[in-house]
Amino acid sequence: MSGEAILSVSKLSKSFGGLRALVDVSFEVKRGEIFGIIGPNGSGKTTLINCITGFLKPDGGKVYFKEKDITGLKPHKISQMGIARTFQIMRPYYSLPAYKNLIIPLWSPRAKRLGGWRGGGRHGDRDTVAVDILEEIGFERDSRVPYKLASTLPTGYQKRLELARCIALRPEIIFCDEVFSGLSMSEVAGMIPLIEKMKMEGITLIMVEHRLRELFKVADRVMALNFGEKIAEGDPREVIEDRRVREAYLGREGV
Amino acid sequence: MEQLRKERVDRSLKVRTEGLYAISSIEEILYLIGPRLLFVAGILLLPLIFEAAPYWKRVVNVMCAYALVAISFDFLSNFVGLVCLGGALFTGVGGYFTAIYNRYFSFPIYLSIPLATLSGALFCTLVLLPALPLRGVYFAIITLMYPLLFSRIIEALNVLGGTNGITGIESFPDPYIEHYAIILPMLFFLFATRRFVNEDIGLVFRGVKDNDQAVRASGINVTLIKVYAVFIASLMGCFSGAYIAHMYMWAGLSLFALDFSVIPIASTVIGGGGTLIGPVIGSFILVPLSEILRAAGTLRIVIYCVVLTLFIILKSEGLMIYLQRKYHQFERWVKV
Ligand SMILES: Nc1ncnc2c1ncn2[C@@H]1O[C@H](COP(=O)(O)OP(=O)(O)O)[C@@H](O)[C@H]1O
Ligand SMILES: [Mg+2]
């Protein structure tokens, strides 16, 4: 398995004062799969993403991306290598129109190097490429939505914008931090084809979710965290049957 | 009883274009560039207008020098999210650098000003470097302290002329050169920064203000962007300081005075932050006002404060934003 692992995390740990938010978490993600991370609130999912993507320095453990040690690198270095992430607390660039939000990732060295979306070309006009990406992700081109101020967009579109910002970077891995939360059932149903399309394009997706039903529709494998510890990993159906996972969820709020 | 409500309607051209101008007639061209043209022409003509009032001619120069510092404050705070309370750091460093070049190395004025602008901006960027990772109020406090620090150092060590300052700096050869040596660069920086913030790279700067974490996650080194931004802002401030030093033929501790930090901020508030032109308008109101208030002696600060407070309460959005709205929309009363 290690040969095809695109991301490999070993014994990652992080404490905030006395609180142990991550305790020796190890796992591997294979290229091209959708890997789910579940766990009750406060179980350390966001902290795990922050430690891998460089937004927090782990206290111990290692992170390897394509067999390269990336532990503790600066966030912009890590995203330059091709690891994108969304933020659980969405904050688009409020003062800019939606499509201008994508100019920022498109301006980064990585996007410049890899050219625009759909062969938009090295010198492809960034505005055009940005609107193309928004269209891919479900902003109707002919509506005025791509040109609206990001702050005026409804939640569903803001979540999509968050994903679009990742895609613009042409990443190999995208960490999605609860992209389904706050969405209605039908909005989630609209997002699922997008997720599958990204997988088809060869992007490895690591999806942190609180909502299990929707995640299990798309995930190939999942891992469960509780109090910062990994308590289960494997096929989604097996994990949900796991006694410790059921306890972690049912013990607090139920599935 | 019939109730009336004010309704705001966009003027037709604005509605049709929204940023992408599809211009079809001379009226529309005038509608768009008219105000800009008037503004530029007005400023260019200022020295001629004030030919009638010689005392005020210097005030025109001071106004423009403050305007430049105010633009640099507006740029940093509203487009990069760095609240810099240290306008006086820039003017002081620019002023002392040009004095050193001119007096100690005998560089002529047309070399010492550009050199002081560049090397001063480099120096300011370097000293602010450690503060750049800090956010919000911490950055603000450090920038506020630097001018104090430098003036105390100069005073305590009695270097660079100590409390007397460096005197005998070369003056401008001609009053008109003196006017346009500040008016033209001020207009240049004004339009250059306005242009810059709407370019793709400018959007990255604005992204740092809105959400620096997301910019980091987009593979961009935020600290480096802040370094560029501080350098651009210091260029404007240092030029202004170097200019003032040559105008008064003197670089003294007053170049590090709080005025250069506070008046530009007040100008930005009054003129409207985030517009870059607003701060210029603000300085054009505040600098003459404080000049008039000199007659009022110690009451000057009181009157100044009252005017500022009234402005903030009555027109908190700033003059420029208010004017823009009036220009692009008309209002009418409609029945509810
Ligand atoms: N920056 C921080 N400082 C202190 N405690 C934190 C910080 N970030 C997270 N925590 C704590 O770490 C635990 C895990 O949080 P988090 O990773 O956000 O959980 P999840 O994303 O699974 O809901 C929580 O108890 C939270 O309060
Ligand atoms: Mg979380």
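This is a short dialogue on reading contacts, salt bridges and aromatic pairs in a two-chain model.

Me: What kind of model is this, and how are residues and chains labelled?
Reply: This is a predicted model: local features need pLDDT of at least 70, side-chain atom pairs count only at pLDDT 80 or more, and totals for chains, interfaces and linings use all residues. Residues are numbered from 1 along each chain as its sequence is written, chains are lettered from A and ligands numbered from 1 in the order in which they are written, and side-chain values use heavy atoms, with hydrogens and water left out.

Me: How many residues does each chain give to the contact?
Reply: Contact means heavy atoms within 4.5 Å. Here chain A gives 23 residues and chain B gives 19 residues.

Me: How much area do chain B and chain A bury between them?
Reply: Buried area is the accessible area (1.4 Å probe) that two parts lose on being put together, summed over both. For chain B and chain A the value is about 2000 Å², with 61% of it on carbon and sulfur atoms. In chain B, the most area is lost to chain A by B:Asp200, B:Leu203 and B:Asp210, together 27% of what that side buries.

Me: Which polar links cross between chain B and chain A?
Reply: A salt bridge is a side-chain nitrogen of Lys or Arg within 4 Å of a carboxyl oxygen of Asp or Glu. The count between chain B and chain A is one. A:Arg126 and B:Asp200 form it, at 2.6 Å, N to O.
Polar contact is a separate rule: N or O atoms within 3.5 Å; within protein, one must be able to donate a hydrogen and the other to accept it, and residues adjacent in sequence count only if both atoms are side-chain atoms. That rule finds ten residue pairs across this interface, both partners at pLDDT 80 or more.

Me: Which element gives the largest share of the side of chain B that touches chain A?
Reply: Helices (H or I, at least four residues) and strands (E, at least two) are DSSP runs, numbered from the N terminus. H8(B) gives the largest share, seven residues.

Me: Where in chain A does a salt bridge tie strands together?
Reply: Look at A:Arg221 and A:Glu233, which meet at 2.9 Å, N to O. A:Arg221 lies in strand S9 and A:Glu233 in strand S10 (residues 229-234) of chain A, so the pair ties together parts twelve residues apart in sequence.
Next, accessibility: buried means under 20% relative accessible area, exposed over 50%, partly exposed in between (1.4 Å probe, protein chains only). A:Arg221 is buried at 14%, while A:Glu233 is partly exposed at 30%. Both belong to a network of salt bridges with A:Glu33 and A:Lys230.

Me: Why does the pair B:Tyr96 and B:Phe256 count as stacked?
Reply: Rings of Phe, Tyr and Trp (its six-membered ring) pair if their centres lie within 6.5 Å; planes under 30 degrees apart count as stacked, over 60 as edge-to-face and the rest as tilted. The B:Tyr96 and B:Phe256 centres are 5.7 Å apart and the planes are at 15 degrees, so the pair is stacked. B:Tyr96 sits in helix H4 (residues 87-104) of chain B, and B:Phe256 lies 160 residues away in a loop. Both are buried.

Me: What geometry do B:Phe97 and B:Tyr101 show?
Reply: Edge-to-face, with 6.2 Å centre to centre and 85 degrees between the planes. The two lie in helix H4 of chain B, four residues apart, about one turn of the helix. B:Phe97 is partly exposed at 21%, and B:Tyr101 is buried at 16%. One aromatic cluster includes B:Tyr96, B:Phe97, B:Tyr101 and B:Phe256.
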